[in-house]
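User: I should like to learn how to read the features of a protein model. Please take them one at a time, giving the general idea and then the case.

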Amino acid sequence: MFWHMSGFSAASAVETILDKENFTLEELLDEDEIIQECKAHNGRLVSFLRERAQVKQLIRYIMEEAPEDASKQFSFKLPFVACEIFTCEVDIILKTLVEDEELMDLLFSYLDPERPHSTLLAGYFSKVFVCLLLRKTTPLMNYIQAHQDIITKLVDLIGITSIMEVLIRLIGVDEHIYASCADSMQWFEDMNVLEMIVDKFSSSDCPGVHANAAETLCTIARYASAGLASKTSSPSFISKLFRHALEDSRPKSVLVNSLSVCISLLDPRRLTSGMYYMYNRQTSQGSGITANPETVEGILESLGELLKLLDLSSEDRVLLTSYGKLQPPLGKHRLKIIEFISVLVAVSSEVAEKELIRLSALKHILELFFEYPYNNFLHHHVEQIVISCLESKNCQLVEHLLSECNLIGKILESERNSTLTVDATKPTICAEGKSPPRIGNIGYVTRLANKIVQLGNSNREIQTFLQENGDWVDWQTNVLLKRNAVENVFHWVCGRPSTLQDRTRDSDDDDYQDRDYDVAALANNLSQAFQYGNYTNDVTSEDVFFDDKSAEVVVSSLPLEDDQETSGSHFTKSDWSAFEDERIVNEHSTDNGGPDNVVEDLEDDTAMSELPESSPTSDGNNVPSQVPKDLTEIESTGSHNLIANSANISDDEAQCSIIPNDEAVVSSDTCKTDGVGSTDSTLASESAEVGEKNEDLEK
């Protein structure tokens, strides 16, 4: 490296320590440059750190808790630096570790139940483990296969997120493991690791343990091998999962997280939790869910018991809110049940649809939609359920939703009574002494009504049902259509962002790639814009450079083509006329033999030195009211220096007109100079000096 060459830099502090006769590992770890030197494969440093005694001491720093009276250096810095040395992935250091079984025993002794397990050291252990898993896969897997109690210890510590990540990577979510040692991974499928994880729902009351166990099972369902994934889809596994979830003595976190696992089994592409472990896996989300029939069958066995938890009569909790009170609040577990039903309906399983009709699940869920008018999480899931039912090919399900569930009647009733009820028997009650506020689900009601109308155009059964309901026809004509017209942002005269004109395009899409324009030409125009000072950046023309790639980044944020008329352009036509003026002057001076001959046309060009008060063009843009009289102040405008000192005309002596077209230019024919021109010898001499200066600039 350049900084290691003698004569160019001083010796590093690490080299200074290594030059000592007696130095300790702590001295090296306390030096700030040790990580950089280790990554640079400093030969003397690596030779020292590869020694068995040093590797053993590094492991102790990672896994042993520091005494309470220890300094911050010993408690925080030394464990951190020791972990970073391993993650530098120096092969000879990792080789010393994995080839010594005693050192491996020392490393994995961190998982012993009698040891303290702080989250800090757990993170260091996780980083070292993953490094070994990626760089020394075969030796590590052979060691774990010989010590299978490691899996049990990892499951016992699954409540620590760093340990959960180790377990997820070890089970085989990472494709690298299967590619490197597929044979040694077969024994994972023969173990009862899934049952061990599910048992954490019954053996622990900690919500963190339940959440991490569910996240592990969800990740296995999405990304693990076919053998493990098939086990999670088996009816016996699902039955055991629901058995833990429906126990009355268990906390609600067990039910919530168990349903997250069921949602992942029904739709593996659906991301249900906050942490997702892709590990180079490509996933996609969309419609067209196809679930395993055995999975659906196993879920339907416990569906009746699950729906009983939606009953509100058995709970007497009260939650005070700004608009009144909830008695009882909906609760996270009921919300999770409704989300689970929305996924189950989207599977389009005829068996599941018949069971939902038999249990009147949709009717109960619709009642909750209107009983909790301010819970938008609930409204979102119910909207998905209704849409899935209406789009279903099962006519019996559509008829059940419209007739028995009385969807249309509930929509009309909410429109007639659009304020919060004061009925004490309802779950959501208005505060005493306050005027009832407007219910908060009218937006979702409107969306559902519009969806029903849309589907009625293609579904004769829905259309017939709507036409037979006179109240619906009146409401659609007198209320819904007018509301849609008011809420149509495209008709708002106040102006809306141009991106609203294409709602199907994602905000992160590179929409400039779909446009037909010359990136190089736009880059040149942007470069001229910087040169003329249209942007307030403190850069000169020599500092501005645009290539095609960098221009695309800037151009993507500018309105182009049709957007210019609707949202306005960053450059007015008068700005572009300045660029055109420069081009005209350059061409004119070139045609007359160079800058020295510009005096002949000075009589016409002097009119450009001043402009009258702002003159509106045809597109409404105003020309700047005044151009600086002494154009020598603009040092970076190139050819404008040719007429720098010729602008000594007052406002009443010079008049200009702007031609209002796409490329506005200054018309010199309408400018009057009244004697100011080539007859002034002083002006001619000054112009000659300007020409000489311009030649120097061009050179």
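The dialogue below treats the chain as a whole, then helix packing, burial and backbone geometry.

User: What kind of model is this, and how are its residues numbered?

Analyst: This is a predicted model, in which local features need pLDDT of at least 70, side-chain atom pairs count only at pLDDT 80 or more, and totals for chains, interfaces and linings use all residues. Residues are numbered from 1 along each chain as its sequence is written, and side-chain values use heavy atoms, with hydrogens and water left out.

User: How many helices and strands are there in the chain?

Analyst: Helices (H or I, at least four residues) and strands (E, at least two) are DSSP runs, numbered from the N terminus. The chain has 37 helices and 3 strands.

User: What percentage of the residues count as buried, and what area does the chain expose?

Analyst: Buried means under 20% relative accessible area, exposed over 50%, and partly exposed in between (1.4 Å probe, protein chains only). The chain has 699 residues, of which 45% count as buried. Accessible areas come from the Shrake-Rupley method with a 1.4 Å probe; for residues, only the protein chains shown count as cover. About 36200 Å² is exposed by the chain, with carbon and sulfur atoms supplying 48% of it. As for contacts (heavy atoms within 4.5 Å), 67% of those between residues at least 6 apart in sequence join residues at least 24 apart.

User: How is the packing of two helices described?

Analyst: The angle between the axes and the distance between the axes describe two packed helices. Axes are lines fitted to C-alpha atoms, for helices over the stretch in contact, and angles run from 0 to 180 degrees between N-to-C directions. Angles under 35 degrees count as roughly parallel, over 145 as roughly antiparallel, 65 to 115 as roughly perpendicular and the rest as oblique. A crossing is left-handed if the near helix is turned anticlockwise from the far one by less than a right angle, and right-handed if clockwise.

User: At what angle do helix 19 and helix 20 pack, and which residues make the contact?

Analyst: Helix 19 (residues 235–245) packs against helix 20 (residues 252–266) at about 155°, the axes being 8 Å apart. The two helices are therefore roughly antiparallel, and helix 19 passes helix 20 in a left-handed crossing. Helix 19 contributes Phe237, Ile238, Leu241, Phe242, His244 and Ala245, while helix 20 contributes Val254, Leu255, Ser258, Leu259, Val261, Cys262 and Leu265. These residues divide into 11 nonpolar, 2 polar and no charged. Here Ala, Val, Leu, Ile, Met, Phe, Trp, Tyr, Cys and Pro count as nonpolar, Asp, Glu, Lys and Arg as charged, and the others, Gly among them, as polar.

User: How do helix 28 and helix 31 cross?

Analyst: The axes of helix 28 (residues 407–416) and helix 31 (residues 470–487) come within 11 Å and cross at roughly 55°; the pair is therefore oblique. The crossing is left-handed. Ile408, Ile411, Leu412 and Glu415 of helix 28 meet Asp471, Trp472, Trp475, Val479 and Arg483 of helix 31, a set of 6 nonpolar, no polar and 3 charged residues.

User: Which residues of helix 7 are buried, and what covers them?

Analyst: In helix 7 (residues 91–98), the buried residues are Ile93, Leu94, Thr96, Leu97 and Val98. Their cover includes helix 4 (43–49), helix 5 (52–63), helix 6 (72–87), helix 8 (101–108), helix 9 (119–135) and helix 10 (137–146).

User: Is Ser302 buried or exposed?

Analyst: Ser302 counts as buried because its relative accessibility is 15%. Ser302 lies in the loop between helix 21 (293–300) and helix 22 (303–307). Apart from neighbours within four places in sequence, Ser302 is in contact with Phe242 and Leu246. By contrast, Phe377 counts as exposed at 60% relative accessibility and is placed in helix 26 (residues 376–390).

User: What should one look for in the backbone?

Analyst: Most residues other than glycine have a negative phi, and most peptide bonds are trans. Glu89, in the loop between helix 6 and helix 7, has a positive phi near 60°. Asn406, in the loop between helix 27 and helix 28, has a positive phi near 55°. Glu89 is partly exposed at 32% relative accessible area, and Asn406 is partly exposed at 40%. The peptide bond from Gln327 to Pro328 is cis, with omega near 0°. Pro328 is found in the loop between strand 2 (324–326) and helix 23 (332–346).
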